[in-house]
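Work through the following exercises with the sequence and the three-dimensional model side by side. Each task is followed by a solution that proceeds step by step.

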Amino acid sequence: MEESRAVQKYTAWINAKKVDPLIRRELLNIISSPEDITERFSENLTFGTAGLRAVMGAGTNRINIYTVASAAKGLAACLQASDASEEGVIVCYDSRNHSKDFAEITARVLACEGIKVYLSDRLRPVPMLSFGIRHYRTAGGVMITASHNPREYNGFKVYGNDGGQLSPAGANAVQERMPEFEDVVDYLAEMLPLEDYVQKEQVTYLGKNWDDDYMEMLHGMKISQKLSQDSKARLRIVYTPLNGAGAKPVLRVLNENGFRRVFMVSEQEKPDGNFPTLQVPNPEREDSFALAKKYARAVAADVIIATDPDSDRLGVAVPDDDGGYQMLTGNQIGLLLMEYILATKSARGELSENDYCITSVVSSNLARVIAERYNVKLIETLTGSRHFAECIRNHEAEETGTFRFGFEEGNGFMFHSEVRDKDAVAACLAIAEMAAVSKSYGLCLMDQLKAIYRLYGYAAEKNVSIDCSGPEGTEKIRRCMDHYRLLNGKLGAMGKDLYYRDVKTFIDRMPESNLLIYELNDMDWIAIRPSGTEPKLKVYFGFYGEKTAAESRLNTVSAQLIQDIREILDQK
């Protein structure tokens, strides 16, 4: 039945008179591949953790001009229903292939539907979009990006008027209003060119003033007020934007704050959606730092920083004890930044008892101990910066406390309530500042991390992503999650029943989510969930205390559990 519906949709796309010739040609090339047709047409794209995200190509389960136009038309219908048409929408894009094309299609659809559009005049990062929405008081925004996914992907992120990604309810409202292909193909063919909407002032370009306003905001978030110009000037930084949107804003903010010795990885400097020197443009991956490490050894760099294509995620590598460079995990970067920010503000008497930090439920439990030390609240949310944004919005409505810092283990960091998404540009400045402070005391960031472990206990943490791509991937993930859900807290790797939270049925102040969290004791934990952005199953581990014991527990339990999960996924 599913295959039959897929073939019907496939046939409708091929037979549509006004379908794009390149789309038709791509579809004709798979006419003898029923499996490919089923994979492309058996489902429609749905909003996940970060909007619509998929491989680019023809089909209802792909990112292409028609699925993008459908999403834009659904957004327009929501804005019309809320009388927000005149407030306008900012549309932005990153360096991925076709990102600019998809952004222009989005702008045309919105303008055609009577929505005022502010279109970025060049590629820019996610945090600038979030900032711009709040700064210019628009009704929302759209970012064309697939963040750190492989080069074949692209996506459509939607933001609300607070600068945060849409809540699940908001995303569902857009989804429900997205028209089918048959209603979009003629509509798209008959729309006016972008230049006509520009001439009618329905589309306005945003440029230099936007950059300047964002930079002014970043300058105001400097953490240390005593760092000398000499300390900043002596710090040696190697930076790579991984062929993304980060090069201009990161270099500018570092330079304007006195960090002059910034060495760019030239092969990864220019925007390039093919990411020719990278397997995947992801700053969480060790191989993404291969070229940067060569540069770092040549210039004796104090720190390596990397941003992903839309510059919402940050990666860091630091000198190790063996003369090389060690990549830090997202948790380690988050703990370093959290300790630095809270310690600095505490020393100046700037913290109050209602101030708060935010982490996700699959991030390091050491954040709890740090928050307790500085007497600030720690709020744990589901994965995804939209939940961070919702938390900030709720606190502002209740006028309770100031947001100080937020992080996710997936290398996402938030510093300021004026940016309600992950901000790798701000994170580059904060890491540079922290590294310069450390160097002024004869230390490095690895020394600071070791000091955190001595103070709070060691953290043996990791996450494993198990690829489940292919036509049966979704079913495999569902089968695995159902298996562990039916065990009611039993994990073969642990050999005993555990206290666990099934966030799909046990809400505990959080929205429903396909997530299982196992609490082994007051600190140690395991979590299992499907990725919201890729066809993967993600498994997280956190073990704490004395280093040797914590690492031993991590290695034993993770090896057994991952083996068990792979066996379940491989079942026929």
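**Exercise 1. Helix α14 and helix α15**

In this predicted model, Leu335, Met338, Glu339 and Leu342 in α14 meet Leu366, Ala367, Ile370 and Ala371 in α15. Determine how the residues of this contact divide into nonpolar, polar and charged, and at what angle the axes of α14 and α15 cross.

Solution. Begin with the residues themselves: the contact of α14 with α15 comprises seven nonpolar residues, no polar residue and one charged residue. Here Glu counts as charged, whereas Leu, Met, Ala and Ile count as nonpolar. Turn next to the geometry, since two packed helices are described by the angle between their axes and the distance between the axes. The axes of α14 (residues 330-347) and α15 (residues 366-373) come within 10 Å and cross at roughly 5°. Because angles under 35 degrees count as roughly parallel, α14 is roughly parallel to α15.

**Exercise 2. Helix α14 and helix α18**

Determine how α14 is oriented towards α18, and which residues make the contact.

Solution. The axes of α14 and α18 come within 10 Å, and their crossing angle is roughly 80°. This value falls in the range of 65 to 115 degrees, so α14 is roughly perpendicular to α18. From α14 the contact draws on Gln332, Leu335, Leu336 and Glu339, and from α18 on Leu445, Gln448, Leu449, Ile452, Tyr453 and Tyr456. Sorted by character, the residues of the contact of α14 with α18 give seven nonpolar, two polar and one charged.

**Exercise 3. Two salt bridges between separate parts of the chain**

Of the 31 salt bridges that the structure holds, examine the one between Asp211 and Arg122 and the one between Lys450 and Asp321. For each residue, decide whether it is buried, partly exposed or exposed.

Solution. In the salt bridge of Asp211 with Arg122, the closest N and O atoms are 3.2 Å apart. Asp211 belongs to helix α10 (residues 208-219), while Arg122 sits in the loop between β3 (117-120) and α6 (126-136), so the pair ties together parts that are 89 residues apart in sequence. Asp211 has a relative accessibility of 12% and therefore counts as buried, whereas Arg122, with a relative accessible area of 22%, is partly exposed.

In the salt bridge of Lys450 with Asp321, the closest N and O atoms are 3.0 Å apart. This pair also links distant parts of the chain, with Lys450 in helix α18 (residues 445-456) and Asp321 in the loop between β10 (314-319) and β11 (325-327), 129 residues apart. Lys450 is partly exposed at a relative accessible area of 32%, and Asp321 counts as exposed because its relative accessibility is 66%.

**Exercise 4. The surroundings of Lys422**

Locate Lys422, decide whether Lys422 is buried or exposed, and list the residues linked with Lys422 in a network of salt bridges.

Solution. Lys422 lies in the loop between β15 (412-414) and α17 (424-440). Its relative accessibility is 7%, so Lys422 counts as buried. Lys422 forms a salt bridge with Asp421, in which the closest N and O atoms are 3.9 Å apart, and Asp421 is buried as well. The network of salt bridges links Lys422 and Asp421 with Lys157, Asp310 and Asp312. If neighbours within four places in sequence are set aside, the contacts of Lys422 include Asp312, Arg313, Ser385 and Glu408.

**Exercise 5. An aromatic pair**

Trp13 and Phe181 form an aromatic pair; establish which elements hold the two residues, and whether they are buried or exposed.

Solution. The count of aromatic pairs comes to 10. Among them, the pair of Trp13 and Phe181 is stacked, at 4.2 Å centre to centre with 15° between the planes. Trp13 is in helix α1 (residues 2-15) and Phe181 is in helix α8 (residues 181-190), so that distant parts of the chain, 168 residues apart, are linked by the pair. Trp13 counts as buried at 3% relative accessibility, and Phe181 is buried with a relative accessible area of 7%. Finally, ring pairs join Trp13 and Phe181 into a cluster with Tyr10, Phe41 and Tyr66.

Conventions: Residues are numbered from 1 along each chain as its sequence is written. This is a predicted model: local features need pLDDT of at least 70, side-chain atom pairs count only at pLDDT 80 or more; totals for chains, interfaces and linings use all residues. Side-chain values use heavy atoms; hydrogens and water are left out. A salt bridge is a side-chain nitrogen of Lys or Arg within 4 Å of a carboxyl oxygen of Asp or Glu. Helices (H or I, at least four residues) and strands (E, at least two) are DSSP runs, numbered from the N terminus. Buried means under 20% relative accessible area, exposed over 50%, partly exposed in between (1.4 Å probe, protein chains only). Contact means heavy atoms within 4.5 Å. Axes are lines fitted to C-alpha atoms, for helices over the stretch in contact, and angles run from 0 to 180 degrees between N-to-C directions. Angles under 35 degrees count as roughly parallel, over 145 as roughly antiparallel, 65 to 115 as roughly perpendicular and the rest as oblique. Rings of Phe, Tyr and Trp (its six-membered ring) pair if their centres lie within 6.5 Å; planes under 30 degrees apart count as stacked, over 60 as edge-to-face and the rest as tilted.
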